[in-house]
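Please open the structure in your viewer and keep the selection tool at hand, since this tour moves from one selection to the next and says what can be found at each stop.

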Amino acid sequence: MSANIFDRRRVNGPPRSVEPLYTDEGDVKPFTNGGRADGRSLDQLRPIFIKTGPLAVQPTFSPTAPSGSAYYEQGKIRISCAVYGPRQGRKSNPRMGSFDCDFQYAPFSCSWKRRPHIKGADEKEIALILEQAMAPAIRLEAYPKACIDAFVTVIESDGKFATISAAINCISAALADAGIELYDIVAACSMSLNASQWVSDCNQAEEDVSQCSLFVSRMPSADEITYLLQQGKTMPDQTDRAVQTCSNSCARVYAVLSRYLQASMEQPAS
Amino acid sequence: MDMDDTSEQQQVAFAMHTFERIHHTEFQRRFLSQNTRHDGRAFSQFRATHVTKGTVSTAQGSSTVRIGNTTVVCGIKAEVSEPDVKTPNEGYLVTNVELSPMCSARFRPGAPSDEAQVASEHIHRLFGKAVDLATLCIESGQAVWSLSADIVCLKYDGNILDTAILALVAALEDLRLPEAQLDSATGVVSADRTIARQLTLRKRLFPATFALVDTYLVADADDAEEQLATTSVLVVLDDSGRLANIWKRGACPVSNETIHQCIESAVERAETISKTL
């Protein structure tokens, strides 16, 4: 894929550049005799850190600051999200509001080649996934003619499916911070199949060697799945099992999210 | 009584916010005429500045810089490419500033805004001589390092140029270039990250921006003040105290004394900032 498309609105580099061949990458296997390289158990998630309202401009009123924002970390994954709205939008439906999502990787956020500035098809696809995963949780009928926009930037990624799940959790927190009416918080979790064993919340190295990855986003109190995506081959009963395990993991993520949000309501950020 | 006090305070706060929304210009002028600013700073005072290096593990060099509310992340990716025919021994340093709609409602999705383009271009020219591009050569005429420095704004509250320049200096200092060799038979460049070297900067750059709001010269204007400013002056000094760059923007003419005042404050600022960087 040609990464460098000449763009006169940016400072352009050489027409073609490649990553060097790194000789120090020994054969460190992400899975060695049943265990994981980072010492986690198979169903253990990476530690989660959330903060709502990092993009609020203090102390004075700012007409350009977002109405809600969140910063989310899960292991090495780092995501920032801003929610604007409900505000006037281009699309105006007199019965329902609309929810739009914009997703972008920072050019330096991936462990392989630098990403070009021009948005790739994968970013547009993920934006659509996020929109469809979040929309069922938002009370759009409460915002006729209005537009709610979420802008997600990945500062650092570590595993594609894990990053999508993290983005969903981040948007959930940002929507709650913006005071948008929600049916429930959407929590998401990813999983990969390696040597017929399901492994939760895989990082990039683990996803790379796995035969199949999937993620589930769920509204745990309503016990409803809002999005399910699988890539790779499995037997139907294996997927069944994975969805079950993922749902349990979503409940754990949900507990972290709701505990944080509750605490932040009781104790306004200083 | 306590109840009355708090409700009175709330009323004053409400009145203040209403005033700010309705008469934004007048709101700021009232502060300036009292020799202070809406966030309580003195005219020559910069906002608190924090620099953290090595914040992104997927980049070869990175930094996060905060000036008040304005936050940027700079990541440098090092890749290999062919040198330009005219300069066979020189690598590339490509700098871009990204002001996404996430950081402020001022920016729309899609193509970079004028502000982002201007900032990218200016920083690119400013750093053209700061890095010795000959040190990026792997094999003359065949392979050189191409450093892509992307400065992503996470939170926008004015003075993006100072923040971006500081972030780029910090990220370049954090950069570790692996030892690379060109295999002339296959044309493959192999690199070993266990033997990494630091890039030597010819000069560290210390920026300081001043804005002229009415007749008041304020240092490090935030977003609200920038909207009212008629002129802004960027002064960049290097570590030996020499002027690297002056950029006066805006159609409003300024006197020699004002420029002198800016340079003097910039020297002071450079001294304080060199300790945090």
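Begin by selecting A:Ser264, which lies in helix α4 of chain A, the helix made of residues 236-266; bear in mind from this first stop that the model is a predicted one. With a relative accessible area of 23%, A:Ser264 is partly exposed. Now add A:Thr52 to the selection: A:Ser264 and A:Thr52 stand 212 residues apart in sequence, and yet their C-alpha atoms are 8.0 Å apart in space.

**Cysteines of chain A**

How many disulfides does the structure hold over all chains? The count is 0, and two cysteines of chain A can be selected to follow this up. For A:Cys81, which is in no disulfide, the nearest cysteine sulfur belongs to A:Cys170 and is 4.8 Å away, whereas a disulfide would need the two sulfur atoms to be within 2.5 Å. A:Cys81 is also buried, its relative accessible area being 0%. Select A:Cys110 next, and you will find that its closest cysteine sulfur is again in A:Cys170, at 16 Å, which is too far for a bond. A:Cys110 counts as buried too, at 1% relative accessibility.

**Where chain A and chain B meet**

Show both chains together and look at the contact between them, to which chain B gives 56 residues and chain A gives 48 residues. About 4400 Å² of area is buried between the two chains, and carbon and sulfur atoms give 57% of it. On the side of chain B, select B:Glu79, B:Met102 and B:Arg193, the residues that lose the most area to chain A and that together make up 15% of what this side buries. Keep B:Glu79 selected and add A:Lys113, for these two residues form a salt bridge in which the closest N and O atoms are 3.6 Å apart. Between chain B and chain A there are 2 salt bridges in the count.

**Chain B as a whole**

Hide chain A for a moment, so that chain B can be viewed by itself. Its secondary structure comes to 6 helices and 12 strands, and its C-alpha atoms fill a box of roughly 85 × 45 × 35 Å along the principal axes. Of its 277 residues, 51% count as buried. If you consider the contacts in chain B between residues at least 6 apart in sequence, 67% of them join residues that are at least 24 apart.

An unreviewed UniProt entry carries the annotation "domain: Exoribonuclease phosphorolytic" for residues 45-178 and 208-268 of chain B, and each of these two stretches can be coloured in turn. Over residues 45-178 the chain is 22% helix and 37% strand, with its end C-alpha atoms 41 Å apart. Over residues 208-268 the chain is 31% helix and 41% strand, and here the end C-alpha atoms are 10 Å apart.

**Helix α2 of chain B**

Which residues of helix α2, residues 24-33 of chain B, are buried? Select B:Phe27, B:Gln28 and B:Leu32, which are buried in this helix. They lie on the same side of α2(B), because they cover an arc of only 135 degrees around its axis. Now select B:Glu26 and B:Arg30, whose side chains meet in a salt bridge at 3.5 Å, N to O. These two residues are 4 residues apart in helix α2 of chain B, which means that about one helical turn separates them. B:Glu26 is partly exposed, with a relative accessible area of 30%, and B:Arg30 counts as partly exposed at 48%. Step just past the end of α2(B) and you will reach B:Asn35, which takes a positive phi of about 60 degrees.

**Salt bridges beyond the helix**

Continue to B:Arg37 and add B:Glu225, since their side chains meet in a salt bridge at 2.9 Å, N to O. This pair links distant parts of the chain, with B:Glu225 in helix α5 (residues 223-228) and B:Arg37 in the loop between α2 and β1 of chain B, 188 residues apart. Are these partners buried or exposed? B:Glu225 is buried, with a relative accessible area of 3%, and B:Arg37 counts as buried at 1%.

As a last selection, take B:Asp39 and B:Arg41, which form a salt bridge with the closest N and O atoms 3.0 Å apart. Here B:Asp39 counts as partly exposed at 29% relative accessibility, whereas B:Arg41 counts as buried at 5%.

Note on methods. Residues are numbered from 1 along each chain as its sequence is written. Chains are lettered from A and ligands numbered from 1 in the order in which they are written. This is a predicted model: local features need pLDDT of at least 70, side-chain atom pairs count only at pLDDT 80 or more; totals for chains, interfaces and linings use all residues. Side-chain values use heavy atoms; hydrogens and water are left out. UniProt positions are given in the numbering used here, feature names are shortened, and annotations may be inferred rather than shown by experiment. Buried means under 20% relative accessible area, exposed over 50%, partly exposed in between (1.4 Å probe, protein chains only). The arc is that of the directions from the helix axis to the C-beta atoms. Contact means heavy atoms within 4.5 Å. Buried area is the accessible area (1.4 Å probe) that two parts lose on being put together, summed over both. A salt bridge is a side-chain nitrogen of Lys or Arg within 4 Å of a carboxyl oxygen of Asp or Glu.
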